[in-house]
Amino acid sequence: MIKTLASKIVYKNKWMTVREDDVAFANGAQGIFGVVEKPDFVMIVPFFDGGFQLVKQYRYPVKKAFWEFPQGSYEDSPETPAEEVARGELAEETGLHGGQLKKIAYFYEAYGYCNQGFHIYLATDFESRGSQQLEETEQGMETAFFSIAEFERMVEKGEIRDAPTISAYGLLKMKKLIWST
């Protein structure tokens with residue numbers, strides 16, 4: 001077990017807090033941990049007609065845009081139920097409305113340095129499709145449908161590199177919740 005001796009915030013903004021903890025290990029050695037605190041997010045897997053509706057979003061830290069499942073959080077109201085956030089993000093990023101949402105899992109994104117987790121929802125049986133309603137920070141986001149075979153080729157070619165997207169796909173496939181038409 002690792003014991004926290006002291007903790008201090010070294011950086012904070014609307015989206016994250018970074019803290020540095022002085023710690024003691026079970027063997028008596030001491031050290032530090034840098035911890036990023038971020039609110040949980042949702043990931044929605046919109047599945048229909050043997051494929052997925054994906055979004056292509058520019059990710060500033062890696063300076064590239066990649067395809068991924070829709071995802072997001074409500075930073076200004078983190079107490080909002082995850083299913084409500086999922087429905088909102090799905091409509092906002094893809095224009096898909098209504099339908100069935102089934103919670104599949106809760107994973108941590110990178111628990112070696114961050115406390116952020118994410119809820120995975122499988123979305124099916126949509127009632128309607130409209131246009132994207134993107135936030136200011138999402139301008140330029142694309143959305144398109146891809147078959148399961150296309151999705152797998154995109155992973156192999158490096159067009160999908162988002163670890164939560166790939167882990168969600170693997171879990172859905174393992175649970176036999178997705179299939180080709």
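Let's start with Phe41, which, leaving aside its neighbours within four places in sequence, is in contact with Gln71, Gly72, Ser73, Glu109, Gln116, Gly117, Phe118, His119 and Pro164. Before I go on, please keep in mind that this is a predicted model. Phe41 belongs to strand E4. Is Phe41 buried or exposed? With a relative accessible area of 7%, Phe41 is buried, because the cut-off for that class is under 20%. One more number for this residue: Ala110 sits 69 residues away from Phe41 along the chain, and their C-alpha atoms are 13 Å apart.

Okay, let me step back to the whole chain for a minute. The protein chain has 181 residues, and buried ones make up 40% of them. You'll find three helices and twelve strands. If you take the C-alpha trace along its principal axes, the span is about 60 × 35 × 30 Å. The accessible surface comes to about 10,500 Å², with 53% of that belonging to carbon and sulfur atoms. And for those of you who like contact maps: take the contacts between residues at least 6 apart in sequence, and 58% of them join residues at least 24 apart.

Now, the inside. In soluble globular proteins, nonpolar side chains tend to be buried together. Here the largest nonpolar core has 24 residues, and the members that touch the most others are Val45, Phe52, Leu54, Phe69 and Ile104. Which elements give two or more residues to this core? On the strand side they are E4 (41–48), E5 (51–59), E9 (100–108) and E10 (117–124), and on the helix side H2 (148–156) and H3 (163–174). Apart from this core lies another one, of ten residues, including Val42, Ile44, Leu90 and Leu101.

Let me pick two of those well-connected members. Phe69 is placed in the loop between E6 and E7. Even so, Phe69 counts as buried, at 0% relative accessibility. Setting aside neighbours within four places in sequence, what is Phe69 in contact with? The list runs Met43, Ile44, Val45, Pro46, Phe52, Leu54, Val55, Phe151, Thr165, Ala168 and Tyr169. Three of the names I read out as core hubs come up there: Val45, Phe52 and Leu54. For a sense of distance, the C-alpha atoms of Phe69 and Leu5 are separated by 39 Å, and the two residues are 64 apart along the chain.

The other member is Ile104. With the same sequence neighbours left out, Ile104 is in contact with Ile120, Tyr121, Leu122, Leu171, Leu172, Lys175 and Leu177.

On to the pocket, which I suspect some of you have been waiting for. The largest pocket holds about 1,400 Å³ of space. Its lining has 36 residues, and those nearest the centre are Lys38, Gln57, Arg59, Pro61 and Glu75. Elements giving two or more residues to the lining are E5, strand E6 (64–68), strand E7 (71–72) and helix H1 (82–94). How many nonpolar, polar and charged residues does the lining have? The split is 14 nonpolar, seven polar and 15 charged.

A quick word on backbone angles. Most residues other than glycine have a negative phi. Lys63 has a positive one, about 60°, and is not a glycine. Lys63 is found in the loop between E5 and E6, and at 46% relative accessibility counts as partly exposed. Asp125 also has a positive phi, near 55°. That residue, Asp125, is in the loop between E10 and strand E11 (128–129), and at 57% relative accessibility it counts as exposed.

Two last stops. Thr17 has its place in strand E2 (residues 17–24), and is buried at 10% relative accessibility. Beyond its neighbours within four places in sequence, Thr17 is in contact with Ile9, Tyr11, Lys12, Val35, Val36 and Glu37.

And finally Gly112, in the loop between E9 and E10. Is Gly112 buried or exposed? At 58% relative accessibility, Gly112 counts as exposed, because the cut-off is over 50%. Along the chain Gly112 and Gly34 are 78 residues apart, while their C-alpha atoms are separated by 9.6 Å.

That's my tour, thanks for listening!

Conventions. Residues are numbered from 1 along each chain as its sequence is written. This is a predicted model: local features need pLDDT of at least 70, side-chain atom pairs count only at pLDDT 80 or more; totals for chains, interfaces and linings use all residues. Side-chain values use heavy atoms; hydrogens and water are left out. A nonpolar core is a set of buried Ala, Val, Leu, Ile, Met, Phe, Trp, Tyr and Cys residues joined through side-chain atoms within 4.5 Å. Buried means under 20% relative accessible area, exposed over 50%, partly exposed in between (1.4 Å probe, protein chains only). Helices (H or I, at least four residues) and strands (E, at least two) are DSSP runs, numbered from the N terminus. Contact means heavy atoms within 4.5 Å. On a 1 Å grid over the protein atoms alone, a cavity is a set of points where a 1.4 Å probe fits but cannot get out, and a pocket is an open set with protein on both sides within 12 Å along at least five of seven lines; lining residues have an atom within 4 Å of a point. Grid points are joined across faces, edges and corners, and a volume is the space filled by probe spheres set on the points. Ala, Val, Leu, Ile, Met, Phe, Trp, Tyr, Cys and Pro count as nonpolar, Asp, Glu, Lys and Arg as charged, and the others, Gly among them, as polar. Accessible areas come from the Shrake-Rupley method with a 1.4 Å probe; for residues, only the protein chains shown count as cover.
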